[in-house]
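Subject: Handover of a structure and notes on its packing

Dear colleague,

Please find the structure below, with its sequence. My notes on the findings follow it.

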Amino acid sequence: MKHKTLSIIIPAYNEARTLFMLLEKVQKEIIVINDCSKDETEAEIQRFMETYPDCPIQYHNQPYNQGKGAALRIGIQKASGEWTVIQDADLEYE
């Protein structure tokens, strides 16, 4: 039986405070779309990728802020899983 993949799309804008903790909890096919954050969000993504080099993560950095909808559209295009979940980087959802 073939295992199915769950893709988790994480739109992030100025989420440096919570992003690393969220990524530690998720660790599936992760797709992070950084919507041109002004805080240390990108540094937290890089720190996670260095800490967990075997975790399958795709990272896309928007060239300018385009909003959550645009981030989600890009994430959906990049997702390869049979199922897709959206998880906000601010830990809004459990």
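I begin with helix H2, whose buried residues pack against S1, H1, S2 and S3. Please bear in mind throughout that this is a predicted model.

**Helix H2 and its inward face**

Thr-41, Glu-44, Ile-45 and Phe-48 are the buried residues in question. Viewed down the axis of H2, they fall within an arc of 100 degrees, so they line one face of the helix. The spacing is in keeping with a general rule: an α-helix has 3.6 residues a turn, so residues three or four places apart point the same way. As for its placement, H2 lies across S1, S2 and S3 and runs at about 160 degrees to S3.

Phe-48, which is found in H2, deserves a separate remark. Its relative accessible area is 0%, and because the cut-off for burial is under 20%, Phe-48 counts as buried. Beyond residues up to four places away in sequence, Phe-48 touches Phe-20, Leu-23, Glu-24, Gln-27, Ile-30, Cys-55 and Ile-57. By contrast, Gly-81 is 33 residues from Phe-48 in sequence and 21 Å from it in space, C-alpha to C-alpha.

**The pairing of H1 with H2**

Two packed helices are described by the angle between their axes and the distance between the axes. For H1 and H2, the axes come within 9 Å and cross at roughly 35 degrees, and the crossing is right-handed. On the H1 side, the residues that meet H2 are Leu-19, Phe-20, Leu-23 and Glu-24. Their counterparts in H2 are Thr-41, Glu-44, Ile-45, Arg-47, Phe-48 and Thr-51. H1 also lies across S1 and S2, running at about 175 degrees to S1.

**The sheet**

The strands form an open sheet of four, in the order S3-S2-S1-S4, with parallel pairing. Its edge strands are S3 (57–61) and S4 (83–86), each of which pairs on one side only. From one strand to the next, the twist averages 20 degrees. Between S2 and S3 there are five bridges, in the parallel sense; Ile-31 has Gln-58 in S3 as its bridge partner.

Ser-7 has its place in strand S1 and is buried, with a relative accessible area of 0%. Leaving out residues up to four places away in sequence, Ser-7 touches Glu-29, Ile-31, Ala-79, Ser-80, Gly-81, Trp-83, Thr-84 and Val-85.

**Two nonpolar cores**

Which residues have the most contacts inside the largest nonpolar core? They are Ile-10, Leu-19, Leu-23, Ile-30, Val-32 and Phe-48, in a core of 15 residues. The elements that give two or more residues to this core are strand S1 (6–12), helix H1 (19–26), strand S2 (29–34) and helix H2 (41–51). H1 supplies the largest share, five residues.

Ile-30 shows how these parts come together. Apart from neighbours within four places in sequence, Ile-30 is in contact with Ile-8, Ile-10, Leu-23, Phe-48, Cys-55, Pro-56, Ile-57 and Gln-58. Apart from the largest core lies another, of six residues, among them Ile-9, Ile-31, Ala-71 and Leu-72.

Ala-71 and Leu-72 also appear among the buried residues of helix H3 (residues 68–78), together with Ala-70, Ile-74 and Gly-75. The cover over the buried residues of H3 includes S1, S2, S3 and S4.

**The loop between S1 and H1**

Two residues of this loop may be of interest to you. Glu-15 lies between S1 and H1 and has 17% relative accessibility; because burial is set at under 20%, Glu-15 counts as buried. Not counting residues up to four places away in sequence, Glu-15 touches Asp-39, Thr-41, Ala-89 and Asp-90. Thr-51 is 36 residues away from Glu-15 in sequence and 18 Å away in space, C-alpha to C-alpha.

Thr-18 lies in the loop between S1 and H1 as well. Thr-18 is buried, with a relative accessible area of 5%. With neighbours within four places in sequence left aside, Thr-18 is in contact with Ala-89, Asp-90 and Leu-91. Ala-89 and Asp-90 thus appear in the contacts of both Glu-15 and Thr-18.

Yours sincerely

Definitions and conventions:
Residues numbered from 1 in each chain as written. Predicted model: local features only at pLDDT ≥ 70, side-chain atom pairs only at ≥ 80, totals over all residues. Heavy atoms only, no water. Core = buried A, V, L, I, M, F, W, Y, C linked by side-chain atoms within 4.5 Å. Buried < 20%, exposed > 50% of the residue type's maximum accessible area, 1.4 Å probe, protein only. Contact = heavy atoms within 4.5 Å. Pairing = 2+ DSSP bridges. Axes fitted to C-alpha atoms, helices over the stretch in contact; angles between N-to-C directions. Arc of directions from axis to C-beta. Left-handed = near helix turned anticlockwise from the far one by under 90°.
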